[in-house]
Amino acid sequence: MLKALIFDVDGTLADTEGLHLEAFNHAFRQEGLDWHWGVDEYIRLLDISGGRERLMHYWHSVNPDHKEVEAGAVKDLVARLHETKTAYYENAVLQGAVTLRPGVLALMSEARAQGLQLAIATTTSPVNIAALLRTAIGPDWRGHFLAVGDASNAPIKKPHPQVYMKVLADLGFRAADCVAFEDSSNGLRAAAAAGLKTVVTPNRFTAHHDFKGALRTVADLTQVSVPRLREWHAQ
């Protein structure tokens, strides 16, 4: 029996990656770096889950001969960049720069009305989640979700299934009782490794990914209802 819907955040609940890219480039300018990520490069970098991890990966790619003695300075730089980027992103979201993707809020409302639980499983930071959902749902957004897994309580990034295992434990449900929603191959792999059936809604940054094994791949959630999910889930 279907009991819960578990949502990824970035790219799934909202098409946020364009704003994340803008925020990264803002942080580079603020730090006085000559770095600039274009869309194509950012698409490649999204294979690295997590903002800090993405920054560290990129630093190593442009500084392949760094010495270990510099490790502390590099970590400090990455921390500053990520802090600046997060502040820019949060402010932009609170100003209405992004909205939930089509069909998301309607499906959530229908699910709650029919007694299903909602949960979040993401590798983004709590502040990013709060900025988005406080704007989209309201100040009581947290009460809509029985469990929230994020970078603070499940630090191992997707495609590792840690965040999904954490959320399933907090929900108290079996994976077979839930459906996950993702937008990327890393997310799909994480959900599948936790035993979850997954509906994928790609976006312009992930449309080229391999979604083999997904329960369904759809453009968005406008045509996805709870009865349809129950039908897919039962197959």
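## Strand pairing and the sheet

Two strands count as paired if DSSP finds at least two bridges between them. In this predicted model, strand 4 and strand 5 (residues 197-200) meet that condition, because four bridges join them and at least two are needed. The two strands run parallel. One position along this pairing is Ala 180, which stands opposite Thr 198 in strand 5. Strand 5 also pairs with strand 6 (residues 216-217), again in the parallel sense, over two bridges. Here Val 200 has Thr 217 of strand 6 as its bridge partner.

Taken as a whole, the sheet is open and holds six strands in the order 3-2-1-4-5-6, with parallel pairing. Strand 3 (147-149) and strand 6 are the edge strands; each has a single partner strand, so one side of each is left without a neighbour in the sheet. The connection from strand 4 to strand 5 includes helix 8 (residues 185-193), and these three elements make a right-handed β-α-β unit.

## Overall dimensions

The secondary structure comprises nine helices and six strands. For 235 residues, a compact globule would have a radius of gyration near 18 Å, and the protein agrees with this because its own value is 18 Å. Along the principal axes, the C-alpha atoms fill a box of roughly 55 × 35 × 30 Å.

Of the 235 residues, 51% are buried. The exposed surface of the protein is about 10,700 Å², of which carbon and sulfur atoms supply 51%. Among contacts with a separation of 6 or more, 67% are between residues 24 or more positions apart.

## The nonpolar core

In soluble globular proteins, nonpolar side chains tend to be buried together. The largest nonpolar core in this model has 38 residues, and Leu 5 and Leu 229 are those with the most contacts inside it. Elements that give two or more residues to this core include strand 1 (4-7), strand 2 (117-121) and strand 4 (178-182). Helices on the same list include helix 1 (17-31), helix 4 (71-94), helix 5 (104-113), helix 6 (126-136) and helix 9 (226-234). Helix 6 provides the largest share, five residues.

Which residues does Leu 5 contact, leaving aside its neighbours within four places in sequence? They are Leu 107, Ala 111, Leu 116, Gln 117, Leu 118, Ala 119, Val 179, Phe 181 and Leu 229.

## Two loop residues

Thr 16 and Asp 65 both lie in loops, Thr 16 between strand 1 and helix 1 and Asp 65 between helix 3 (51-62) and helix 4. Is Thr 16 buried or exposed? Thr 16 is buried, because its relative accessible area is 0% and the limit for burial is under 20%. Apart from residues up to four places away in sequence, Thr 16 touches Asp 10, Gly 11, Tyr 89 and Val 98.

Asp 65 has a relative accessible area of 64% and is therefore exposed, the cut-off being over 50%. From Asp 65 to Leu 116 there are 51 residues in sequence and 52 Å in space, C-alpha to C-alpha. Leu 116 is one of the residues in contact with Leu 5.

Note on methods
Residues numbered from 1 in each chain as written. Predicted model: local features only at pLDDT ≥ 70, side-chain atom pairs only at ≥ 80, totals over all residues. Heavy atoms only, no water. Core = buried A, V, L, I, M, F, W, Y, C linked by side-chain atoms within 4.5 Å. Buried < 20%, exposed > 50% of the residue type's maximum accessible area, 1.4 Å probe, protein only. Contact = heavy atoms within 4.5 Å. Right-handed = clockwise from strand over helix to strand, strands pointing away. Rg over C-alpha atoms; globule rule 2.2 N^0.38 Å. Areas by Shrake-Rupley, 256 points an atom, 1.4 Å probe, with all protein chains shown as cover.
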